[in-house]
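Reader: I spend my days at the bench, and I'd like to learn how to read a structure like this. Could you walk me through it?

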Amino acid sequence: MMKKRIGGLIVTIAIGLSVVCILIFRWYRQSNLVVAVANHDASLNVGQGMLKGYDLESSSNDFHKGDTVSNYLDTKNYAGSILLVKNNSALFQRGFGYSNFDNRLYAATNTEYRLGSAQNLVTGMMIGKAIQKQQLSWNSKLDSYFPKVRGSRNISIQSLVSGRARLSISKKVANQVTDLSSFESITGNIRRMNNISDNSEATNYLILMYVLESIYGEKYQQLYKSQVAIPLNLSDTNFVDDSVADNQRAVGYLKKVGEDTNYYNAPVSKSIATFYGYNSIYANTSNLYILEQALLKGNFLSNKIRNKLVDLVPNLVNNGSYYTLESSLPGFQIYTKIKEDGASGVVLMSNYGRESSYMHNTMDFVFQKL
C-alpha cells in the first residue's frame with residue numbers, strides 16, 4: 001500500500017512539474033514577441049528583428065483572429081503587409097500577394113514599402129529633436145536659413161511643420177535639387193499659395209529637410225540614420241537610392257480603372273518621388289510601428305515637444321482614443337491606427353494603389369479585432 005502511495009505521489013509531482021514547464025515555455029515564447037518600444041533612451045535596444053520573420057498567425061494565442069483577418073484580406077485581394085499589435089505584443093503579422101510581380105517575389109513580414117508623406121513624421125521628429133537641443137525653436141524664422149524665400153522673415157518653423165506656411169515650388173524646379181547648395185540656388189522660386197495643398201505640404205517639408213542640413217552640416221539621410229534609425233534600431237528602413245536586395249523592397253503597382261483583382265500590370269517607377277529626397281524612405285510594418293510609438297509614448301522627445309509636434313504634423317490625426325497616420329502616392333498606400341496609449345494598433349502597407357475607401361474599409365475590419 002505504501003509503495004502505491006509513493007508511486008502515486010511521484011506521478012502527481014511529475015505531472016505538476018510538466019505543467020509548470022509548459023507554462024514557463026509559453027510565457028517565454030510570448031515575452032519574446034513583445035514589441036519593446038515603450039521606453040526609449042540612449043541605451044535602447046528595441047525593434048531590430050523582434051517582429052521580423054515570425055509567422056505570428058501560428059505563434060499568437062488568438063489563432064481565430066489571425067484566421068479571420070487572413071480570410072478577409074484574401075477575399076478582398078489585399079496586396080501588401082499587415083501588422084497587429086495588442087498590449088505591446090505582436091498579435092498577427094503577414095504578407096499578402098506579390099512584392100515584386102515580375103520576379104514572382106511574395107510580400108513578407110519584413111517587406112519594405114515607400115512611406116510617401118508618412119515621412120513627414122520622421123522629419124518632424126528630427127525637427128523636434130533640434131528644438132529639444134535648443135538648436136532651433138518653433139518661432140525660428142526661415143530667413144535665418146534661406147533669406148531668398150519671399151516673406152521668409154514672417155515664416156516660422158512651426159508654420160512649416162503644420163503646413164500653414166503654404167509654400168510651393170514647381171516639380172520641374174525642385175527636381176533640379178541634389179544637395180543643400182543647389183537647393184539654396186532655387187529658393188527664390190518658392191512662392192506662397194493661397195491654400196494648403198499636397199504640393200505646399202511637400203515643399204514645406206522639403207525646406208525643413210534642408211533646414212536640418214543647415215543646422216547640422218550633414219545630409220538628411222545621415223541625420224536620419226544617426227538620430228532616428230540607430231537609436232531606435234530601425235534595421236528595415238532605407239532610402240530610395242540605397243542598394244538593397246530585390247526581395248527586400250516592394251515595387252509599387254496601380255489598379256487600372258474597372259479592375260477588381262490584382263493583375264499587377266501597371267508598375268510604378270522608383271523615381272516617382274514628388275521632390276528630391278522627399279517621399280524617399282522605405283520601411284516595413286514593424287519599423288513604422290516602432291517609429292510612431294516612439295513619438296507617441298516613448299522618450300524620444302520631451303512630453304512638451306512631443307505633444308506639440310503630434311498636433312502639428314499634417315497627416316498624423318488625433319481621433320480621441322487613437323491616432324491615424326495616412327499616406328498615399330502612386331503604387332503605395334500606408335495606413336496606421338494606433339491607440340492613444342501606444343500599446344495596441346494596426347499597420348497596413350500596400351504596394352497596390354487603389355481607392356482610399358478600400359484601405360479605410362480594410363482598417364475598420366482589422367482594427368476591431370484588437
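**Reading a sheet**

Author: Let's begin with one pair of residues: isoleucine 338 stands opposite glycine 345 in S14. A quick caution: this is a predicted model, where local features need pLDDT of at least 70 and side-chain atom pairs count only at pLDDT 80 or more, while totals for chains, interfaces and linings use all residues. Residues are numbered from 1 along each chain as its sequence is written, and side-chain values use heavy atoms, with hydrogens and water left out.

Reader: What holds strands of a sheet together, in general?

Author: Strands of a sheet pair through backbone hydrogen bonds, either parallel or antiparallel. Two strands count as paired if DSSP finds at least two bridges between them; strands themselves are DSSP runs (E, at least two residues), as are helices (H or I, at least four), numbered from the N terminus. Here, S13 and strand S14 (residues 345-350) pair antiparallel over six bridges.

Reader: And how many residues lie between S13 and S14 in their hairpin?

Author: Five, and glycine 342 in that turn has a positive phi of about 75°. On the other side, strand S12 (residues 322-329) joins S13 through eight bridges, again antiparallel. The hairpin of S12 and S13 has two residues between the strands, and glycine 331 takes a positive phi near 90° there. Leucine 329 stands opposite phenylalanine 332 in S13.

Reader: In what order do the strands of the open sheet come?

Author: The six strands run S2-S1-S14-S13-S12-S11, with antiparallel pairing. Strand S2 (89-96) and strand S11 (316-318) are the edges, each pairing on one side only. Neighbouring strands are turned by 10° against each other on average, direction ignored; the axes behind such angles are lines fitted to C-alpha atoms, for helices over the stretch in contact, and angles run from 0 to 180 degrees between N-to-C directions.

Reader: Which strands does helix H12 touch?

Author: Helix H12 (residues 356-367) packs on the sheet, touching strand S1 (80-86), S12, S13 and S14, and its direction makes about 30° with that of S13. Contact means heavy atoms within 4.5 Å.

Reader: How many residues of strand S13 are buried?

Author: Buried means under 20% relative accessible area, exposed over 50%, partly exposed in between (1.4 Å probe, protein chains only). In strand S13 (residues 332-339), seven of the eight residues are buried. Across the protein chain, buried residues make up 52% of the 370 residues.

Reader: Why does serine 182 count as buried?

Author: Because its relative accessibility is 15%. Serine 182 lies in helix H7 (residues 180-186).
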